[in-house]
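Hi,

Here is the structure I promised to pass on. Have a look at it first, and my notes follow underneath.

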Amino acid sequence: MPKKFEMVLKSIEIKNFRNHIHTKLEFSENLNLFVGGNAQGKTSILEAISYLCLTKSFNANSDSYVLNFNAKFFEVLGTFELDNGNEVTVKVNFENGQGKRIFLNKENVEKFAIVVHKFPIVILSPRSKDVVQGTPEDRRKFFDLAIAQLSSVYVDDILNYKKVLKQRNRILNAIASEEVKLEQGLDLLNVWDEEFINYAAKVTFRKVKFMNDFILFFKKAYSNFSAGEDAEIKYLTQVEVDVQDDFEVIKNKFEVALKKLRSEEIRRGVTLIGPHRDEYVFEINGHEVKRFASQGQMKTFLVALTMAKFFYLKEKKSETPILLLDDAFDELDVERAKKLISFVGNVGQVFITATDLNVLSGIEGEFKMKKFIVKLGTVNDA
Amino acid sequence: MLYTSESLETLIEELTKFPGIGRKTAQRLALYILKQPKEEVEKLVQAIINVKEKIKYCSICYNITETDPCPICSSPKRDKTTICVVEEPMDVLAIEKTNEYNGLYHVIGGVLNPLEGIGPDALKIKELIHRVSSGGIKEVIIALNPSVEGETTSIYIANLIKPFGIKVTRIARGLPIGTALEYADIATIVRAIENRTTM
Ligand SMILES: Nc1ncnc2c1ncn2[C@@H]1O[C@H](COP(=O)(O)OP(=O)(O)O)[C@@H](O)[C@H]1O
Ligand SMILES: [Mg+2]
Ligand SMILES: [Zn+2]
């Protein structure tokens, strides 16, 4: 039997969240399996857990979507036991017209990034396959979240970068459309450039450092599922950046690149470089996954990304992440899913949804496990 | 809801012009005014007219004032060689509360924001440069809020002042980013002014 895990979600209380009117659950510190038919409320429980760690759902783009149709507020209350044995409660409260408030040990939290940073979580859901099969934006989001979970400053840097980018684009556009006099426009562009370079370099610096570490975790994870294949993640920036480059060097590279692009940017009225255009290219044996990989290889890539993120966060942070697997047996196939659960289940707490109560047969004996039956928004121990 | 009274409807329409006041709130306010005794309503009207008639902008620093120049600009006790540049009159209040700063101010009235169409001409930046170029100023402290727009405006202003050979500093980023000066506590503002850095 495994020892006590580091960060554990001990219990949760959910009110007016999707089809859960009032659900109270005590969890196993190891594996938790939610079983039930379609549309009974399994995923909703994982979404509620996601609110405690990420301050939002991994499925819904708006808080109002998870608010029960007939209710005016929803609430999720979670009790965590941290590595040092301390208990922490997180309460998320949303009310129509009032917005969302979050309380850490009853104290109101202004900066949600603090929660995201404090309670690491890794989620694999049907949407996750977009990371492998979707747009460059989907991949940037995946890695941005991972970095944000490591560093709450990164969230500010990204937000500020996006703001500066918008403002800078507006100036470029005004110059391109001759809305402002060229000379004044260029004066303004110069000052926005300073801030743009500053934030572009900050964001890029962190991304480069992150990938330099992450890739090792990823390759190791991948080899557990498919030995003999060479899987790669290439992080392509608009300016060529080396891992050795310090912040000032990267700033300098952006400055040079902007100068070169000056007239083209003015002609097109839009910013042509920067981390918002970065690409992550996934490859197996030198071939791009999105174009050439089989369904099975894509699944292996996804499961390796998930596992790498889990062990990466575990090593870099003081708390072990919790893992949510929503419909993983369909998304990854049973064997891959079981293997992932075996690896992670030895060191952390896992929440799994499935339609079949015996889906973990074969590995069940290795873990402490609690099974729940979910039906019409109510939950009972199996 | 349509009112039979045209005067009530007019009042509601005027009230909806206020920032953050929607139609519903305007209706509530209008009905509240209607229920007040006449003297109370007269007091309110007078107060509104007074702000408009008595309060003006100082022709030197553009802070709000009842006298022109304002008490700060005309005080013999203030250090006339230092100007602190802020966004809004509220920021002057916040810094004055610390009792630590004895120089003059310049209220530029906002920050550069291309998306909202706010360029240098919409701010009192030309006026600042004019003050600086008229001599006698040794230091300009830039105390704009630490938003990306505030930072950019700081750089823009510093670039304009530097050619005059005057020291330009900016208050330390002791303020957590996103915290407006107006909301920062006194100790934080004092620390930020003390630890200002040369631009
Ligand atoms: N805002 C809401 N209010 C009430 N019910 C909802 C809301 N959103 C979704 N539902 C319903 O709640 C159920 C939740 O389903 P879900 O948790 O995704 O089920 P499962 O994962 O078990 O298939 C579905 O029946 C869905 O129709
Ligand atoms: Mg589901
Ligand atoms: Zn004045």
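One thing up front: this is a predicted model.

I'll begin with chain A. Its Ala39 sits in the loop between β3 and α1 of chain A. A:Ala39 counts as exposed because its relative accessible area is 72%, and the cut-off for that is over 50%. A:Asn38 is in that loop too, with β3 spanning 31-35 and α1 spanning 42-54. At a relative accessible area of 67%, A:Asn38 is exposed as well. Both residues turn up in the UniProt record: the unreviewed entry carries a "binding site" annotation that covers A:Gly36, A:Gly37, A:Asn38, A:Ala39, A:Gln40, A:Gly41, A:Lys42 and A:Thr43.

Now for the metal in chain B. The zinc ion (ligand 3) has four cysteine SG atoms as its protein donors, from B:Cys58, B:Cys61, B:Cys70 and B:Cys73, at 2.3 to 2.4 Å. Along the chain these donors follow the spacing C-x2-C-x8-C-x2-C. What is the arrangement of the four donor atoms around the zinc ion? It is tetrahedral, because the angles they subtend run from 105 to 116 degrees, and the criterion asks for all angles between 85 and 135 degrees. Of the donor residues, B:Cys61 and B:Cys70 are both buried.

Last, the layout of chain B. It splits into domain 1, residues 6-54, and domain 2, residues 77-170. The C-alpha centres of these two domains of chain B are 35 Å apart.

Cheers

Conventions
Residues numbered from 1 in each chain as written. Chains lettered and ligands numbered in written order. Predicted model: local features only at pLDDT ≥ 70, side-chain atom pairs only at ≥ 80, totals over all residues. Heavy atoms only, no water. UniProt positions renumbered as here; feature names shortened; annotations may be inferred. Helix = DSSP H or I, 4+ residues; strand = E, 2+ residues; numbered from the N terminus. Buried < 20%, exposed > 50% of the residue type's maximum accessible area, 1.4 Å probe, protein only. Domains from an automatic or database assignment. Donors = N, O, S within 2.8 Å, 3.2 Å for Na, K, Ca; no water. Tetrahedral: all angles 85-135°; square planar, octahedral: opposite > 155°, others 65-115°.
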